[in-house]
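Q: Got a minute to go through this one with me? I'd like the fold first, then the surface.

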Amino acid sequence: MGKLIIDGNSVYEIDEDCEKRREQRGRQERKQEPQRPWEEEQRRRRQ
């Protein structure tokens, strides 16, 4: 299924399945990133 966006004379179709996959991929990438960048830096200094 898709979602239609009408903007003036332009019409866009959003692929909702693709959006879900993109959102899930973004969540996975955020899980891998440190929540607080300074903590990662401190870990590196300790090693």
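A: Sure. Helices and strands here are DSSP runs, numbered from the N terminus; a helix takes at least four residues of H or I, a strand at least two of E. Keep in mind that this is a predicted model.

Q: Fine. What pattern does the chain follow along the sequence?
A: Reading along the sequence, you get β-β-α-α. That is two helices and two strands in the chain.

Q: How much of the chain counts as buried?
A: Just 2% of its 47 residues. The chain exposes about 5,100 Å², and carbon and sulfur atoms supply 43% of that.

Q: Which residues make the nonpolar surface patch?
A: L4, I6 and V11 make it, and the patch comes to about 340 Å².

Q: Where's V11, and is it buried or exposed?
A: V11 sits in strand β2, residues 10-15. V11 counts as exposed because its relative accessibility is 54%, and the cut-off for exposed is over 50%.

Q: Switching to charges: which residues form the negative patch?
A: That one is formed by E13, D15, E16 and D17.

Q: Which elements do those come from?
A: β2 and α1, the latter spanning 16-32, each supply at least two residues of the negative patch.

Q: And E16, where does that one go?
A: E16 is in helix α1. With a relative accessible area of 31%, E16 is partly exposed. Patch residues need over 30%, so E16 passes that cut-off.

Technical notes. Residues are numbered from 1 along each chain as its sequence is written. This is a predicted model: local features need pLDDT of at least 70, side-chain atom pairs count only at pLDDT 80 or more; totals for chains, interfaces and linings use all residues. Side-chain values use heavy atoms; hydrogens and water are left out. Patches are made of residues with over 30% relative accessible area and no salt bridge: like charges are joined within 9 Å, nonpolar side chains (Val, Leu, Ile, Met, Phe, Trp, Tyr) within 5 Å. Accessible areas come from the Shrake-Rupley method with a 1.4 Å probe; for residues, only the protein chains shown count as cover. A salt bridge is a side-chain nitrogen of Lys or Arg within 4 Å of a carboxyl oxygen of Asp or Glu. Buried means under 20% relative accessible area, exposed over 50%, partly exposed in between (1.4 Å probe, protein chains only). Lys and Arg count as positive and Asp and Glu as negative; His and the chain ends are not counted. The place of a charge is taken as NZ of Lys, CZ of Arg, CG of Asp or CD of Glu.
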